[in-house]
There are 2 protein chains.
Amino acid sequence: MITDNALSILSALAHPTRLEAFRLLVRHEPEGLSTGDLVEASGLSQSTFSTHLAVLVKAGLVLAEKRGRHQIQRANIDALTGLMVFLAKDCCQGRAELCEPLLAELTCC
Amino acid sequence: MITDNALSILSALAHPTRLEAFRLLVRHEPEGLSTGDLVEASGLSQSTFSTHLAVLVKAGLVLAEKRGRHQIQRANIDALTGLMVFLAKDCCQGRAELCEPLLAELTCC
DNA sequence: GCCAATCATCGATAATTTACGATGCATTAT
DNA sequence: ATAATGCATCGTAAATTATCGATGATTGGC
């Protein structure tokens with residue numbers, strides 16, 4: 001994960017509509033949701049949401065698959081994992097003590 | 001961690017200057033760095049960087065401490081940890097299999 | 001073939017963010 | 001006391017982002 005990559009993921013998630021859409025898609029793994037379902041959930045116009053979705057796709061957080069005339073969207077967990085590893089690496093380099101609280105909270109899952 | 005909180009942290013990190021400043025501060029834990037040092041590292045004007053720093057502080061990612069006429073900045077690792085837990089929880093609810101790759105990569109630290 | 005449905009793209013506009021120099025406010029040094 | 005340092009804030013201009021309706025392209029059903 002290069003810095004530019006991390007920045008585009010952070011930017012993509014740094015908007016209420018997009019963050020919520022991504023979280024919704026995670027909760028619907030692995031079936032995914034159609035764009036229309038996501039539009040409805042967002043409460044925004046179709047065109048506005050479409051641009052938001054494009055941001056998520058461009059950042060690699062969402063993978064689109066054409067199914068008939070529907071477009072099925074799926075969350076790409078690997079992209080999120082990549083971001084978290086990127087962020088964690090800063091504090092892990094030679095200073096595991098800083099990351100221990102993080103690991104402690106995550107291993108509960 | 002509430003959604004608004006996560007959003008402000010994501011927004012704060014979603015800028016090259018701020019992400020780099022935060023990473024620099026993490027690497028300088030626990031001594032911290034003066035604002036002047038950060039300004040110099042950023043290559044931006046003092047006033048511009050000051051507003052960036054304010055964003056980080058407002059998001060809780062950076063803690064400022066007045067020391068004489070210098071302002072010592074420190075990274076708040078807990079804020080980062082909070083964000084990561086927030087993001088991880090979406091995929092961990094009843095589906096540990098999605099988060100296992102993440103944990104596998106993080107435990108190497 | 002034709003109509004309806006699904007979704008991306010195209011302007012246009014409003015809102016937000018970014019950037020800078022100038023200024024102001026403390027605090028330290030002389 | 002005065003000057004200088006360190007940093008925040010103000011005003012402003014430029015760039016980016018967000019939002020929408022309208023339009024276009026593709027697909028499925030009739």
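This is a chat about a predicted model with protein chains A and B and DNA strand D.

Student: Hi! Before we get into details, is this model predicted or what is its origin, and what does that ask of local features?
Tutor: Hi! The model is predicted, and local features need pLDDT of at least 70.

Student: Good. How many helices and strands are there in chain A?
Tutor: Chain A has six helices and three strands. Along the sequence they come in the pattern α-α-β-α-α-β-β-α-α.

Student: And what box do its C-alpha atoms fill?
Tutor: Taken along the principal axes, the C-alpha atoms of chain A fill roughly 50 × 30 × 25 Å. Chain A has 109 residues, and 37% of them count as buried.

Student: What share of the chain A contacts comes from residues 24 or more positions apart?
Tutor: That would be 54%, counted among contacts with a separation of 6 or more.

Student: Let's switch to the partner chain. How many residues of chain A are in contact with chain B?
Tutor: 31 residues of chain A touch 31 residues of chain B. On the chain A side, the elements giving two or more residues are α1 (3–13), α2 (16–27), α5 (77–92) and α6 (96–106).

Student: Which of them gives the largest share?
Tutor: α5(A) does, with ten residues. By class, this side of chain A has 23 nonpolar, three polar and five charged residues.

Student: Now the DNA. Which residues come nearest to strand D?
Tutor: There are 21 residues around DNA strand D, and the nearest are Ser47(A), Thr48(A), Gly36(B), Ser47(B) and Ser50(B). The elements that give two or more residues there are α4 (46–58) of chain A, plus α3 (35–42), α4 (46–58) and β3 (70–75) of chain B.

Student: Which element has the largest share this time?
Tutor: α4(B), which supplies six residues to the surface near DNA strand D. That surface divides into 16 polar, three nonpolar and two charged residues.

Student: α3(B) and α4(B) both turn up there. At what angle do they pack?
Tutor: Their angle is about 110 degrees, and the axes of α3(B) and α4(B) are 10 Å apart. Angles of 65 to 115 degrees count as roughly perpendicular, so α3(B) and α4(B) are roughly perpendicular to each other.

Student: Is the crossing left-handed or right-handed?
Tutor: α3(B) passes α4(B) in a right-handed crossing.

Student: Which residues meet between these two helices?
Tutor: From α3(B) come Thr35(B), Leu38(B), Val39(B) and Ser42(B), and they meet Gln46(B), Phe49(B) and Leu53(B) of α4(B). This contact of α3(B) with α4(B) has four nonpolar and three polar residues, with no charged ones.

Conventions:
Residues are numbered from 1 along each chain as its sequence is written. Chains are lettered from A and ligands numbered from 1 in the order in which they are written. This is a predicted model: local features need pLDDT of at least 70, side-chain atom pairs count only at pLDDT 80 or more; totals for chains, interfaces and linings use all residues. A residue is near a molecule or strand if its C-beta atom, placed from the backbone, lies within 6 Å of it. Helices (H or I, at least four residues) and strands (E, at least two) are DSSP runs, numbered from the N terminus. Ala, Val, Leu, Ile, Met, Phe, Trp, Tyr, Cys and Pro count as nonpolar, Asp, Glu, Lys and Arg as charged, and the others, Gly among them, as polar. A residue is buried if 20 or more other C-beta atoms lie within 10 Å of its own, exposed if 12 or fewer, and partly exposed in between; C-beta atoms are placed from the backbone. Two residues are in contact if their C-beta atoms, placed from the backbone, lie within 7 Å. Axes are lines fitted to C-alpha atoms, for helices over the stretch in contact, and angles run from 0 to 180 degrees between N-to-C directions. Angles under 35 degrees count as roughly parallel, over 145 as roughly antiparallel, 65 to 115 as roughly perpendicular and the rest as oblique. A crossing is left-handed if the near helix is turned anticlockwise from the far one by less than a right angle, and right-handed if clockwise.
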